[in-house]
Amino acid sequence: PWYNEKLATSYLEYDLEEANRLLDEIGLTEKDGDGFRLDPDGNRITFSLQTVSHQQWTPVCEIIAEELPKVGLQANLRLVGWDGFGDTIRAGKWELFLGQDPMGYPSRWPTGMNTARPSIWNAYEWQEWLSTDGKKGKEPPPLMKECWNQWQTARAASSFEELGSAIQWLQSKAAEQLFAVGVVNFSPTLRVHALNVRNIPP
């Protein structure tokens, strides 16, 4: 019911030529001897790419790390265990973090909404500031405050129309601002449904 085509499809086309053209266009034309792009200070542009060690997330990050050099960028991949997940998010020592967002499940209340609001996933210090009325964390920019207010509206909505309006506003901002990129859908997991065991919810 909250499908947003721009959010679902933007920036997903695999086009190395266009990616390189865009990077050149913004001035990242200087490269080192290995072909990696340099920032204005002459340093190789390297992203800290992190995820939780996971049978699905790890291979996706490995693919990202292998693909970025094709446009002259580098990613240092670091895997953390579930026991270190919270500390990693709070420390914020990464530029790219891959996780699974439940926004992809159409029948579920979008508890993730990490692509469109400050959250413990993508903006821990902003989320801390907003959830404590400025007592902790760092003050976010005005747009993030707007997103937070829309999120509170969604959480307190008294009708499906009010809920849908707030969610659609958030999704439109996520599509415009590119807060996050939907990289991949994981392959289906097959399960056996046994009527006499009742191992599947109604």
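Two strands pair if DSSP finds at least two bridges between them. In this predicted model, 7 bridges join β1 to β2, and these strands run parallel. One such bridge links V52 to its partner V80 in β2.

**The sheet**

Strands of a sheet pair through backbone hydrogen bonds, in either a parallel or an antiparallel manner. Here, 3 strands form an open sheet in the order β2-β1-β3, with parallel pairing. Because β2 and β3 stand at the edges with a single partner strand each, one side of each is left without a neighbour in the sheet. From one strand to the next, the twist averages 25°. The helix α3 packs on the sheet and touches β1, β2 and β3; the direction of α3 makes about 170° with that of β1.

**The nonpolar cores**

In soluble globular proteins, nonpolar side chains tend to be buried together. The largest nonpolar core of this model has 19 residues, of which V52, L73 and F97 touch the most other members. The elements that give two or more residues to this core are listed below.

| Element | Residues |
|---|---|
| β1 | 46-52 |
| α3 | 57-67 |
| β2 | 74-80 |
| α4 | 85-91 |
| β3 | 96-98 |

The greatest contribution comes from α3, with 4 residues.

Which residues does L73 touch, not counting residues up to four places away in sequence? They are L23, F36, R37, I45, F47 and L68. Apart from the largest core lies another core of 5 residues, including W2, A154, L163 and A166.

Notes: Residues numbered from 1 in each chain as written. Predicted model: local features only at pLDDT ≥ 70, side-chain atom pairs only at ≥ 80, totals over all residues. Heavy atoms only, no water. Core = buried A, V, L, I, M, F, W, Y, C linked by side-chain atoms within 4.5 Å. Buried < 20%, exposed > 50% of the residue type's maximum accessible area, 1.4 Å probe, protein only. Contact = heavy atoms within 4.5 Å. Axes fitted to C-alpha atoms, helices over the stretch in contact; angles between N-to-C directions.
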